[in-house]
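Ready for a few short exercises? Have a look at the sequence and the 3D view, then try each task before you read its solution.

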Amino acid sequence: MTKKNRVLAIFLAAFVLVVMLSSTLCIEKKLNHECTGDISCPICQEILACESVLQNLSYAAVAIAIAFIAVSFSATIVKYCLKVYPNTTLVSLKVKLLN
């Protein structure tokens, strides 16, 4: 991984962390507001938006974890298959084609 990619990955991870923390703090701060019960309450809409952000980020985290597990499992299977069934060629078997 190049240095540019590492810096970008760290920046994106920090950004996601800031978004999650700010959404959580926003929900915590405005949870017990004086609501009129109206559907178009702006504070309730903001809380719903923060909950939506957190839910979408959790789905993304689960998808990344599943992808990581699948790639790790596939790599293990490939390593095992290459160990059990080595790649044999005519050169590795020292076969001479004298026709």
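Keep in mind that this is a predicted model.

**Exercise 1. Find out where Leu93 sits and decide whether Leu93 is buried or exposed.**

Step 1: Go along the chain past α2, which covers 42–84; Leu93 lies in the segment after that helix.
Step 2: Check the relative accessible area, which is 53% for Leu93.
Step 3: Exposed means over 50%, so Leu93 counts as exposed.
Step 4: Now look around Leu93: together with Leu90, Val95 and Leu97, it makes up a nonpolar patch on the surface. The accessible area of these residues together is about 410 Å².

**Exercise 2. Stay in that segment and work out what is unusual about the phi of Lys94.**

Step 1: Lys94, too, belongs to the segment after α2.
Step 2: Its phi is positive, about 55°, although Lys94 is not a glycine.
Step 3: With a relative accessibility of 73%, Lys94 is exposed.

**Exercise 3. Describe how α1 and α2 cross.**

Step 1: For two packed helices, you give the angle between the axes and the distance between them.
Step 2: Here the axes of α1 and α2 come within 9 Å, and they cross at roughly 145°.
Step 3: Add the handedness: this crossing is left-handed.
Step 4: List who meets whom. From α1, the residues include Val16, Val19, Met20 and Ile27; from α2, they include Ile43, Ile47, Cys50 and Leu57.

**Exercise 4. Take Ser23 and decide whether Ser23 is buried or exposed.**

Step 1: Locate Ser23 in helix α1, which spans residues 3–30.
Step 2: Read off its relative accessible area, 6%.
Step 3: Buried means under 20%, so Ser23 is buried.
Step 4: See what Ser23 touches: apart from neighbours within four places in sequence, Ser23 is in contact with Cys50, Val53 and Leu54. Those three also appear among the α2 residues that meet α1.

**Exercise 5. Search the whole structure and say how many salt bridges turn up.**

Step 1: Recall that side chains of opposite charge can pair when their charged atoms come close.
Step 2: The search gives 1 salt bridge. Its partners are the side chains of Glu46 and Lys30, with 2.8 Å from N to O.
Step 3: Place the partners: Glu46 is in helix α2 and Lys30 in helix α1, 16 residues apart, so to speak a link between distant parts of the chain.
Step 4: Check how open they are. Glu46 is partly exposed at 32% relative accessibility, and Lys30 is partly exposed at 25%.

Terms used. Residues are numbered from 1 along each chain as its sequence is written. This is a predicted model: local features need pLDDT of at least 70, side-chain atom pairs count only at pLDDT 80 or more; totals for chains, interfaces and linings use all residues. Side-chain values use heavy atoms; hydrogens and water are left out. Helices (H or I, at least four residues) and strands (E, at least two) are DSSP runs, numbered from the N terminus. Buried means under 20% relative accessible area, exposed over 50%, partly exposed in between (1.4 Å probe, protein chains only). Contact means heavy atoms within 4.5 Å. Patches are made of residues with over 30% relative accessible area and no salt bridge: like charges are joined within 9 Å, nonpolar side chains (Val, Leu, Ile, Met, Phe, Trp, Tyr) within 5 Å. Accessible areas come from the Shrake-Rupley method with a 1.4 Å probe; for residues, only the protein chains shown count as cover. A salt bridge is a side-chain nitrogen of Lys or Arg within 4 Å of a carboxyl oxygen of Asp or Glu. Axes are lines fitted to C-alpha atoms, for helices over the stretch in contact, and angles run from 0 to 180 degrees between N-to-C directions. A crossing is left-handed if the near helix is turned anticlockwise from the far one by less than a right angle, and right-handed if clockwise.
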